[in-house]
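Colleague: I'm new to reading structures, and I'd like to go through this one with you. Could you put it up so we can start with a single residue?

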Amino acid sequence: MHERASLKYASHVVRMPITHRDLAFRIQQMARTDQHARMLCVPGEHLKNFVVYAIDQIHHTHILEIIGQYGYPTCAMIGRRALRAFWLLVQHQDLARDLQEQCLERCDFEPKERALLTDRVLVAKGMPQQYGTQFHRTKRGLVLRPIVDRRHVDARRKAVGLTPM
């Protein structure tokens, strides 16, 4: 059975066929490559880590080609699974903040994915994050990046499907 995109309207679900199956497959392949490379990364092993950066650059070129040819991917276009894979690829485009912001505006990512990408963009701009999803490594371990209005972060997290801090 083919994956189908769905939009919720009131109390029923409208199912739509995916319009670009080949594109969905291509994006999912790219995401598998992304994750495989990241699983091989080891602190201090610069060659393996360099491969991740090289893959990110190659994916950057492919993402721009995809957007140029098809427009910004949506669930109706490629399905939820492939759109999640596209989000993952965009999330790793740390050298292309404009691209990340454009995808936040134009792609219909799930709320949880949108929250993770929003925090990533905000932190890169030197601003406090909204959902508490971004950390940085120190010698003592992971440290949470600053959060705006920390008292209400769990309410914001709950609203997008993230677990409390």
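Colleague: Does D56 count as buried or exposed?

Modeller: First, this is a predicted model: local features need pLDDT of at least 70 and side-chain atom pairs count only at pLDDT 80 or more, while totals for chains, interfaces and linings use all residues. Residues are numbered from 1 along each chain as its sequence is written, and side-chain values use heavy atoms, leaving out hydrogens and water. Buried means under 20% relative accessible area, exposed means over 50%, and partly exposed is in between (1.4 Å probe, protein chains only). D56 has 9% relative accessibility, so D56 counts as buried.

Colleague: Which residue does D56 form a salt bridge with?

Modeller: Side chains of opposite charge can pair when their charged atoms come close. The cut-off for a salt bridge is a side-chain nitrogen of Lys or Arg within 4 Å of a carboxyl oxygen of Asp or Glu. For D56, the closest N and O atoms are 2.8 Å apart, and the partner is R38.

Colleague: Why does that pair tie together parts of the chain, and how many residues apart in sequence are they?

Modeller: Helices here are DSSP runs of H or I with at least four residues and strands are runs of E with at least two, numbered from the N terminus. D56 lies in helix α2 and R38 in helix α1, so the pair ties together two helices. Their separation in sequence is 18 residues.

Colleague: And what is the relative accessible area of R38?

Modeller: Unlike D56, which is buried, R38 is partly exposed. Its relative accessible area is 25%.

Colleague: How many salt bridges are there in the whole structure?

Modeller: Besides D56 and R38, E110 and R80 meet through their side chains at 2.8 Å, N to O. That pair links the loop between α5 and α6, where E110 sits, with helix α4, where R80 sits. A search of the whole structure gives a total of nine.

Colleague: Which residue pairs with D94 in a salt bridge?

Modeller: The closest N and O atoms of this pair are 2.7 Å apart. D94 is in the loop between α4 and α5, and its partner is in helix α6, 26 residues apart. At 30% relative accessibility D94 counts as partly exposed, while the partner is buried at 18%. That partner is R120.

Colleague: Which element gives the largest share of the lining of the largest pocket?

Modeller: Rolling a probe the size of a water molecule over the atoms shows where empty space is left. On a 1 Å grid over the protein atoms alone, a pocket is an open set of points where a 1.4 Å probe fits, with protein on both sides within 12 Å along at least five of seven lines; lining residues have an atom within 4 Å of a point. The largest pocket is lined by 20 residues, with R38, Y53, H92, D94 and R120 nearest its centre. The largest share, six residues, comes from α2.

Colleague: Which element gives the most to the largest nonpolar core?

Modeller: A nonpolar core is a set of buried Ala, Val, Leu, Ile, Met, Phe, Trp, Tyr and Cys residues joined through side-chain atoms within 4.5 Å. The largest one has 28 residues, and I27, I63, I78, F86, C103 and F109 have the most contacts inside it. The biggest contribution is eight residues, from α4.

Colleague: Leaving aside neighbours within four places in sequence, which residues is F86 in contact with?

Modeller: Contact means heavy atoms within 4.5 Å. F86 is among the residues with the most contacts inside the core. Its partners beyond those neighbours are I27, I63, I67, P73, C103, C107 and F109.

Colleague: Where is D149 found?

Modeller: Most residues other than glycine have a negative phi. D149 has a positive value, near 45°. At 39% relative accessibility D149 counts as partly exposed, and it is found in the loop between β4 and α7.

Colleague: To finish, what pattern does the protein chain follow along the sequence?

Modeller: Count the elements: there are seven helices and four strands. Of the 165 residues in the chain, 39% are buried. Read along the sequence, the pattern is β-β-α-α-α-α-α-α-β-β-α.
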